Each structure stands twice: as C-alpha cells, then as structure tokens.
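I opened a fresh notebook page for this model and kept my entries short. The plan was to begin with the aromatic rings and follow the leads from there.

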Amino acid sequence: NQEELKENHIETETIDNLEIQWNAIKEKYPTVEFPDGMNIKWAELYAKNQDLIGWLTIDNTNIDSPGMHKPSDRDNGDAQDFYLKRNFYKNDDKYGTPYLNKNNAGATLDLNNTIYGHNMMDGLSFAQLEKYYTIEGFKESPIIKYSTIYEDYYFKVYAAFITNGYPSGDNGYLFNYNMTHFPSKANFEKFIEAIDERKLYDTGVDITKEDTLITLSTCSYEYTDFRTVVCARKI
C-alpha cells in the first residue's frame with residue numbers, strides 16, 4: 001500500500017552523509033542507473049521501479065501516491081495506460097497507479113503536466129477530485145504538492161471543470177486539456193481562455209502566460225465518457 005511505499009523514503013541531513021548514503025544505495029543496487037541530480041529520498045523506490053517520476057499529495061484528501069511514467073517505445077508500443085490497472089509493482093490492480101501523460105517529459109516539468117487516475121466508487125485513487133466541484137472543496141485543499149525525483153513543487157488550484165472525453169460528446173469537438181507544449185505564448189493564452197470558459201467557479205487564483213501547470217484528470221460520472229479535470233499553477 002501507499003504507506004509502505006512512503007516508508008522507503010531516505011532522509012539525509014548533511015552533504016557528507018548524503019555521499020555516504022548514495023554510495024550505500026549504489027552498492028545495494030549495482031544494476032540500477034540512478035539519474036544524476038535525483039533526490040536520494042526516492043532512491044529506494046526508484047530502485048524497485050524506474051518508471052517512478054515522483055509523488056503526488058493533496059492535503060485533506062486521500063490522494064497521496066507515487067506518480068508513474070511509461071512512454072511508448074519499440075518494445076511495448078503505446079504504453080500510455082500501462083498503469084491504468086497496475087500497481088507500483090506492475091501487478092494487476094483495479095485501482096491502478098496515477099500516471100503521467102506519455103507526451104510529458106517525465107521527471108522534469110513541461111508547461112502543462114497531466115496526471116491520470118481512476119475515479120473509484122469507494123472514494124479511492126482520484127475520486128476525491130470531485131471535492132473541487134465546489135469552492136468549499138477548493139478552500140479545504142487549495143494546494144497540490146508534486147514532488148519529482150529531483151525536486152519538490154507546489155501548485156495552487158486554478159480551475160476545476162467537467163469536459164467530454166471523446167469528440168462525440170460535443171458535436172465532434174474535443175478540448176485538448178492535456179496538451180503538454182504550446183507553439184507560442186498566444187496559444188497558451190488561448191488554452192487558458194478555454195479553461196476559463198469551462199471552469200465551475202472562480203478560485204481567485206491568477207495565471208499568466210509564464211506559468212507552469214499541473215492538470216489532474218479522472219472519469220466523471222455525471223455524463224457518459226466525461227472527465228473531471230483540476231488545473232493548478234506552480235507557486
């Protein structure tokens with residue numbers, strides 16, 4: 001479970017101690033190639049699964065989970081949904097594990113970083129994103145913490161909205177809320193305008209064309225094949 005995974009964190013206090021700890025980790029896992037500059041607190045987890053790109057936490061929810069990334073390659077084809085029904089250890093699991101859009105870089109941030117998770121009927125995985133349907137829910141959990149294997153980031157929720165998951169849900173139109181890169185600042189501004197047209201309420205959080213976003217996506221059960229989306233900007 002998630003608590004067991006979190007117990008794999010490695011804490012360090014001094015630079016000297018850090019070097020000693022890294023040497024011990026590399027001796028323990030001689031076949032694992034650890035990325036330069038990664039935070040040692042994720043080393044034990046990364047050694048167990050190199051698809052790990054970080055950890056996602058939202059206070060006052062049960063969202064406290066590793067984030068995975070498995071882009072397409074020659075061997076596994078389109079691996080976008082590999083963790084849709086697999087746990088951290090790659091075993092079958094109906095809850096799946098939150099995972100990053102295949103078009104995102106992985107452990108480093110793009111302009112918009114989309115993470116997908118299940119909306120489970122028992123309230124687990126990303127089900128509690130539904131709290132953002134109301135401004136009261138936003139006030140309870142305005143901050144999303146997203147730690148990559150390199151650095152900790154904090155995002156303030158900008159907007160929540162419900163949108164169709166397939167073009168058939170909107171006369172052939174599909175809003176590409178999971179777009180990762182934008183040809184120009186003007187394109188990014190139009191993207192924000194499209195979010196503003198859909199957001200359920202105004203959070204009072206500002207956003208500019210220079211901001212970096214995290215977008216959380218899950219199924220919405222209000223309509224067939226719709227999505228609940230929460231968008232936040234980096235603080």
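**Entry 1: aromatic rings**

I searched the whole structure for aromatic pairs and got twelve. Keep in mind that this is a predicted model. I looked at Trp-42 and Trp-55 to begin with: their ring centres are 6.0 Å apart and their planes meet at 15°, so I logged the pair as stacked. The cut-off that settles this is that planes under 30 degrees apart count as stacked.

Where does each partner of this pair sit in the chain? Trp-42 is in the loop between α2 (15-28) and α3 (43-48), while Trp-55 belongs to strand β1 (residues 52-58). The two are 13 residues apart, and the pair links distant parts of the chain. I also checked burial, and both Trp-42 and Trp-55 came out buried.

Next I turned to Phe-161 and Tyr-177. Their ring centres are 6.3 Å apart with the planes at 80°, so this pair goes down as edge-to-face. Phe-161 lies in strand β6 (residues 152-164) and Tyr-177 in the loop between β6 and α5 (185-198), so the pair ties together parts 16 residues apart in sequence.

Are these two residues buried or exposed? Phe-161 has a relative accessibility of 1% and counts as buried. Tyr-177 is buried as well, at 7%.

I then followed the ring pairs outward from there. They link Phe-161, Phe-175, Tyr-177, Phe-182, Phe-188 and Phe-191 into a cluster.

**Entry 2: charges over rings**

Which ring of that cluster has an arginine over its face? I found Arg-198 over Phe-175, at 4.4 Å from the ring centre. I noted a lysine case too: Lys-26 lies over the face of Trp-22, with 5.5 Å to the ring centre.

**Entry 3: the chain as a whole**

I stepped back to take in the fold. I counted five helices and eight strands. Read from the N terminus, the order is α-α-α-β-β-β-β-α-β-β-α-β-β.

The chain has 235 residues, and 49% of them are buried. I put its exposed surface at about 12,300 Å², of which carbon and sulfur atoms supply 47%. For the contacts, I took those between residues at least 6 apart in sequence, and 58% of them join residues at least 24 apart.

**Entry 4: β1, β2 and their hairpin**

I came back to strand β1, where Trp-55 sits. Which way do β1 and β2 run relative to each other, parallel or antiparallel? They run antiparallel, and five bridges join them. Across from Trp-55, I found Pro-66 in β2.

Strand β2 (residues 64-68) has five of its five residues buried, so I noted this strand as largely enclosed by the rest of the structure.

The hairpin has five residues between the strands. Asn-60 lies in this loop between β1 and β2, and I flagged Asn-60 for a positive phi of about 65° although it is not a glycine. As background, most residues other than glycine have a negative phi. Asn-60 is exposed, with a relative accessible area of 57%.

**Entry 5: another positive phi**

I also flagged Lys-90, a residue other than glycine with a positive phi near 70°. Lys-90 lies in the loop between β2 and β3 (99-100). Lys-90 is partly exposed, with a relative accessible area of 39%.

**Entry 6: around Ser-141**

I picked Ser-141 next, in the loop between α4 (135-140) and β5 (143-148). With 2% relative accessibility, Ser-141 counts as buried.

What does Ser-141 touch, leaving aside its neighbours within four places in sequence? I listed Ile-58, Asp-59, Asn-60, Thr-61, Lys-131, Tyr-132 and Val-157. So the list brings me back to Asn-60, the residue I flagged for its phi.

I also took one distance here. Leu-129 and Ser-141 are twelve residues apart in sequence, and their C-alpha atoms are 9.9 Å apart in space.

**Entry 7: cysteines**

My last look-up was for disulfides, and the count is zero. I checked the surroundings of two cysteines while I was there. Cys-219 is partly exposed, with a relative accessible area of 33%, whereas Cys-231 is buried, at 1%.

Technical notes. Residues are numbered from 1 along each chain as its sequence is written. This is a predicted model: local features need pLDDT of at least 70, side-chain atom pairs count only at pLDDT 80 or more; totals for chains, interfaces and linings use all residues. Side-chain values use heavy atoms; hydrogens and water are left out. Rings of Phe, Tyr and Trp (its six-membered ring) pair if their centres lie within 6.5 Å; planes under 30 degrees apart count as stacked, over 60 as edge-to-face and the rest as tilted. Helices (H or I, at least four residues) and strands (E, at least two) are DSSP runs, numbered from the N terminus. Buried means under 20% relative accessible area, exposed over 50%, partly exposed in between (1.4 Å probe, protein chains only). A charge sits over a ring if NZ of Lys or CZ of Arg is within 6 Å of the ring centre and within 35 degrees of the ring normal. Contact means heavy atoms within 4.5 Å. Accessible areas come from the Shrake-Rupley method with a 1.4 Å probe; for residues, only the protein chains shown count as cover. Two strands pair if DSSP finds at least two bridges between them. A disulfide is a pair of cysteine sulfur atoms within 2.5 Å.
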